There are 2 protein chains.
Amino acid sequence: MTKEASIFNEIVNNRRSIRIYDDKIPFDESSVDRSLERAILSPNSSNLQLWEFYRVKTKAKKDELAKYCLGQNAAKTANELIVFVARKDKWKQHAEFVLNEAKKTFPAKLGKREKLVIDYYSKIIPTLYFSDPVDLTGSLKQIVSAVGGAFQPIPREVTATDMRIVVHKSVALAAQTFMLSMKAEGYDSCPMEGFDSRRVKKFLELPRAAEINMIVSVGTAKPEGVYGERIRIPKEEVIFEL
Amino acid sequence: MTKEASIFNEIVNNRRSIRIYDDKIPFDESSVDRSLERAILSPNSSNLQLWEFYRVKTKAKKDELAKYCLGQNAAKTANELIVFVARKDKWKQHAEFVLNEAKKTFPAKLGKREKLVIDYYSKIIPTLYFSDPVDLTGSLKQIVSAVGGAFQPIPREVTATDMRIVVHKSVALAAQTFMLSMKAEGYDSCPMEGFDSRRVKKFLELPRAAEINMIVSVGTAKPEGVYGERIRIPKEEVIFEL
């Protein structure tokens, strides 16, 4: 095993979800800066980066948000709460940004690959992400996909719900980079899904279309902050080969 | 910065999604063993571990799966393809397993926390995960949540679709641990969502209820396997403080 692999192994093995933090231990806020900067380097669907991160740092705001996290200890005792938000609604702006940045690196005479990139962001992305209130578009895309798919492999995830899932997955990739990074920085974390998303969105002044992916608390674990031994399904029951 | 943080920083910065691998370079398969063992240590919703990992290693099977990945280079040239699968349908078995394992560690006389754990896995989890074909249950839960939520913070994500999203997020957390681990082991990866999930499920003999989360290819990058410079939305537009 490489040295990098053995250190990474330690990080992964030492990370546990922490329910009680020790707020007496000094907390270096810059570890969150660095960890979020790493989080945004995570791979994500079509590189649209449909994510936002809200750091809640002041005592009053943290106390309010902890209430919306159903008062759980993992929220109440944390040094910071970071809200990971899925912004599917920003697909158009982000697609434009990514395409414009890519174009800056293109040669004067466009090759096949450059043309594919332009097509991807100006035609395929809108086809995938555009939706109407009742997702009639999604139903039509499903029919097209089912007909085309009878003859050749074709993507099946084309509805508005499918695209919501795609965005949430990408935000989760960033969340895991963040949590592992915090452990590498010497801090603990806990991802939470037990919250009132409606109140959290109002609290962050987010539009209706934004969705809360998860809320991650950070700090230094109290020994009693780990609730029990790690329990895992035996790997033989989840890892298969063919 | 700690030594761990600086090595983690390198891993994150060096990981790029790779579209063309060099199959002339020897590949150590045990790096995938170790990386999947790390992936299953990822945090996940209610610790239900509703995930499965299918390693596709033989040439014939890889060639077939690459076709279902729409023939993309990132699949065709990889040393291995690992299919990350979301198994929401296994919630009951997994909840029983986790509760039974937890019970083994409980003292003879149950305290408040032990009783909460038993309640959580035998009552709350079934309430969240049980669903019927048209998700009438989900609609009823939404009404209960809306009424209760008028007076106090309450979870809003209670439909079958919400729970699908929850499971996909957890699988994505494992996928990111896996990809970072492969980089720590000295190898490259590419997460793919461009595939025919219907054909992939048939290929893996998965039931209807299983869902493909993503397919991750692994190997060693060819220099031309990185498609262009890294493009990121400026951090000021995605990271906020309050």
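The following exchange considers the contact between chains A and B in a predicted model, together with a few individual residues.

User: Which helix of chain B gives the largest share of the side that touches chain A?

Analyst: In this predicted model, 81 residues of chain B are in contact with 81 residues of chain A. By class, that side of chain B holds 38 nonpolar, 21 polar and 22 charged residues. Its largest share, 15 residues, comes from residues 160-184 of chain B, namely helix H8.

User: Is B:Leu173 buried or exposed?

Analyst: B:Leu173 lies in helix H8 of chain B, and its contacts, leaving aside residues up to four places away in sequence, are A:Ala172, A:Ala175, A:Gln176, B:Ser42, B:Pro43 and B:Asn44. Its C-alpha atom is separated by 7.3 Å from that of B:Asn44, although the two residues are 129 apart along the chain. Because 25 other C-beta atoms lie within 10 Å and the cut-off is 20 or more, B:Leu173 is buried.

User: In strand E1 of chain B, what is the bridge partner of A:Phe240?

Analyst: Strand E5 of chain A (residues 239-241) and strand E1 of chain B (residues 51-56) run parallel and are joined by three bridges. Within E1(B), the residue that partners A:Phe240 is B:Tyr54.

User: How does A:Gln49 count, buried or exposed?

Analyst: A:Gln49 is found in the loop between H2 and E1 of chain A, and its phi is near 50°, a positive value in a residue other than glycine. A:Asn47, in the loop between helix H2 (30-39) and strand E1 (51-56) of chain A, has a positive phi of about 55° and counts as partly exposed, with 19 C-beta neighbours inside 10 Å. For A:Gln49, 23 other C-beta atoms lie within 10 Å, so this residue is buried.

Note on methods:
Residues numbered from 1 in each chain as written. Chains lettered and ligands numbered in written order. Predicted model: local features only at pLDDT ≥ 70, side-chain atom pairs only at ≥ 80, totals over all residues. Contact = placed C-beta atoms within 7 Å. Helix = DSSP H or I, 4+ residues; strand = E, 2+ residues; numbered from the N terminus. Nonpolar A, V, L, I, M, F, W, Y, C, P; charged D, E, K, R; others polar. Pairing = 2+ DSSP bridges. Buried ≥ 20, exposed ≤ 12 C-beta atoms within 10 Å, placed from the backbone.
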